[in-house]
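Let's take a walk through a protein together, one region after another. Keep the sequence and the 3D view side by side as you read.

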Amino acid sequence: MSMSKQSNKKKQVINLKNVKEYNYSLIFNLIYSNGVISRADLASLSGMSPTTVSALTAEMLEEGLIEEIGTGISATSGRKPILLQIKPDGAFLLGVDIKENKYSCCLFNLKNEIIASKHEKLTEHQDIGKDILNTIDSIILESYIPRERLAGICIGIPGIIDLKRQVMIKSTVMPENISSSFIDQVKKAYTHIPVIIQNASCLYAYAEMHFGAAKGTGNQLFIDINSGIGCAIIINGTMYTGANGIAGEIGHMTIDINGPVCKCSNKGCFEAMASVPAIIQRVIQGILLGRKTLVRDMIGDDLRKININVIRDALTERDSLTCEIIDDISYLTAVGINNVINLLNPQAVIIGGEIQGLGEYFLEKVNSNIEKISLNSELSKIKVSFSNIKEYAVEKGAAKYLLDQVFFSKSETIKMFLEA
Ligand SMILES: [Zn+2]
C-alpha cells in the first residue's frame, strides 16, 4: 500500500469520528432545544436516518443524559410514539463569576436550572484558587450530587482572555500573576473534566441570547456600563472576540474628538463621557457650580454619597439638573451604541451593568435618540433593552457555554468520563 493510500485511510477514520461527534452533538442539541421530541422528528429535523438516530439516542440513554417519556396507547391514533427529553440530572455544570471583591459559584443541571449557589467574599487574591476549590467542594457535598457527574467548570473573568492559551492577559480587577496560577490550580484538581475560562461580559451576553432579553437572536450587542464600558459581540450565535481577544472595547471609541481626556490618554472616549463615574462627576460639578438640585437634599454635604440610586430618585422627581445631565448622557450613549449598530447590524442590543439603575427614563431617552440619529431605514430599526436576567447571569451563561463547548466540539470528552 502506498503512503498516500495509507494517509487517506487515516484521514477517513478521523473524519468518520468527527461525523459521529457532530451527529451526536446535533441530536443532543435538538433534544435540548425542543424540550420533548420523538425519534421520528429527530430524524426528519436532522436529516439522519432513523437507524442512526436510534443508535445515537440509545447511547445517550445508556449514558443517562436523556430519558424516555410518553409511552402508551393513544385512543385516537394507535400507539403513541416514545418521546425523549434531556435528563436534568444526567450531568452537572459549574459556573463561576469573579468580581472585584467577591465571587460566586453556581451548580446547574443539564436544563440550566440552578441546583445550588454560593457567594463568597474575595479578600486575598493570592488564595482565590484554593477558595474557589473549597467552594466547589462544599457545593457538591451539600447538593448530594455524584462527583463523577460534574461535567465541567467554566469561570467568568473580568478581563481580556487569550482563549487559545486559556490565560488572562489583562484585568483591571485582578493582578495578572495571580490569574493564571489560580486557573491552573482548579485545572489540576479537576483534570478529568473541562475547566475553561471566558470573559465575564461574553458569558453574560451568552446568557441573554439563550435565556434573556436577546432570546432567539443570534446577532447581539451586549453593552456593559459600569465604572467602565465594555461590550460583548455575538455573531451568528458565537462570541466574537477578535484576533487577539480584545474586540468590543467600545469604551475607548471616540464619541467627541474634543471631549475630556480618558484614562487611556485619548480624548472623548465613550467611557470618559458616559460611564457611571462620569455621570456622578457631572452631578458633582453641577452642585459645585451652585445649581439647585434635589440630589443635594438627599445626600446633605457628603458628595461621596452620590450613586446611581440617588440619581434615579432625583430623576423620578424630574429634578432639572439631573434630567439635563441624563438627557445629555443618553444622547452620548445613543451615539456610542449607534456607531456599533451601523457597523454590525445586530438583531438585539442589550444594556447591562450598574447603569440599569437609572431605570426606564434613561432607556427611553437612549431609544428616542437612536431613532433620531440612526439611518432612516426599516432594516436598521432596533430597540435597545435592559438585561432581564436578574441574577446569576454570568454563571448561567458559563454553564450554557460549557454545555455547548462540551457537546458541540468535545462530545467525546464528556462521554469518556461518563463511561469511566
Ligand atoms: Zn479611552
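**A walk through the fold**

Setting aside residues up to four places away in sequence, Ile 31 touches Ile 37, Leu 42, Thr 57, Met 60, Ile 66, Leu 84, Gln 85 and Ile 86. Ile 31 also belongs to the largest nonpolar core, which has 50 residues; Ile 27, Ile 31, Leu 42 and Leu 110 are the ones that touch the most other members. A second core, separate from that one, has 48 residues, including Cys 231, Ile 250, Val 283 and Ile 341.

Before going further, please remember that this is a predicted model. The protein chain has 420 residues, and 50% of them count as buried. Its secondary structure comes to 14 helices and 17 strands. Take the contacts between residues at least 6 apart in sequence: 62% of them join residues at least 24 apart.

Now look at a sheet with three strands. Its order is β1-β5-β2, it is open, and its pairing is antiparallel. Strands β1 and β2 stand at the edges with a single partner strand each, so one side of each has no neighbour in the sheet. On average, neighbouring strands here are turned by 35° against each other, ignoring direction.

You can follow the pairing strand by strand. Strand β1 (residues 36-38) is joined to β5 (residues 83-86) by 3 bridges, and Ser 38 stands opposite Leu 83 there. On the β2 side (residues 66-69), 4 bridges make the antiparallel pairing with β5. Here Ile 69 stands opposite Leu 83, while Glu 67 stands opposite Gln 85.

Two helices lie across this sheet. Helix α2 (residues 39-46) lies across β1, β2 and β5, and runs at about 85° to β1. Helix α3 (residues 50-62) lies across β2 and β5, at about 105° to β2.

Next, find strand β12 (residues 195-199). Is this strand enclosed or left open? Since 5 of its 5 residues are buried, β12 is largely enclosed by the rest of the structure. A general pattern helps in reading such a strand: when a strand is regular, its side chains alternate between the two faces of the sheet. In β12, Val 195, Ile 197 and Asn 199 are on one side, Ile 196 and Gln 198 are on the other, and both faces are covered. Strand β9 (residues 150-157) runs parallel to β12, and 5 bridges join the two. One place to see this is Cys 154, whose bridge partner in β12 is Ile 196.

Let's move on to a sheet with five strands. It is open, the pairing is mixed, and the order is β15-β14-β13-β16-β17. Its edges are β15 (238-240) and β17 (384-386); each has a single partner strand, so one side of each is left without a neighbour in the sheet. From one strand to the next, the twist averages 30°. Strand β16 (residues 348-352) pairs with β17 in the parallel sense over 3 bridges, and Ile 351 stands opposite Phe 386 in β17.

This sheet has helices across it as well. Helix α11 (residues 320-344) lies across β13 (220-225), β14 (229-235), β16 and β17, at about 155° to β13. Helix α12 (residues 360-373) lies across β16 and β17, at about 165° to β17.

Pause at Phe 386, a residue of strand β17. Is Phe 386 buried or exposed? Its relative accessibility is 12%, so Phe 386 counts as buried, the cut-off being under 20%. Beyond its neighbours within four places in sequence, Phe 386 is in contact with Ala 213, Ile 350, Ile 351, Gln 356, Gly 359, Glu 360, Phe 362 and Leu 363. Phe 386 and Phe 222 are 164 residues apart in sequence, and 9.5 Å apart in space from C-alpha to C-alpha.

Our last stop is the zinc ion. Which protein residues are its donors? They are His 252 (ND1), Cys 262 (SG), Cys 264 (SG) and Cys 269 (SG), at 2.1 to 2.3 Å from the ion. Along the sequence, these donor residues follow the spacing H-x9-C-x1-C-x4-C. Why is the arrangement called tetrahedral? The 4 donor atoms subtend angles of 103 to 125° around the zinc ion, and this makes the arrangement tetrahedral. For comparison, the ideal angle for four tetrahedral donors is 109.5 degrees. Of two of the donor residues, Cys 262 counts as buried at 7% relative accessibility, whereas Cys 264 is partly exposed with a relative accessible area of 29%.

Methods:
Residues numbered from 1 in each chain as written. Predicted model: local features only at pLDDT ≥ 70, side-chain atom pairs only at ≥ 80, totals over all residues. Heavy atoms only, no water. Donors = N, O, S within 2.8 Å, 3.2 Å for Na, K, Ca; no water. Tetrahedral: all angles 85-135°; square planar, octahedral: opposite > 155°, others 65-115°. Buried < 20%, exposed > 50% of the residue type's maximum accessible area, 1.4 Å probe, protein only. Pairing = 2+ DSSP bridges. Axes fitted to C-alpha atoms, helices over the stretch in contact; angles between N-to-C directions. Contact = heavy atoms within 4.5 Å. Core = buried A, V, L, I, M, F, W, Y, C linked by side-chain atoms within 4.5 Å.
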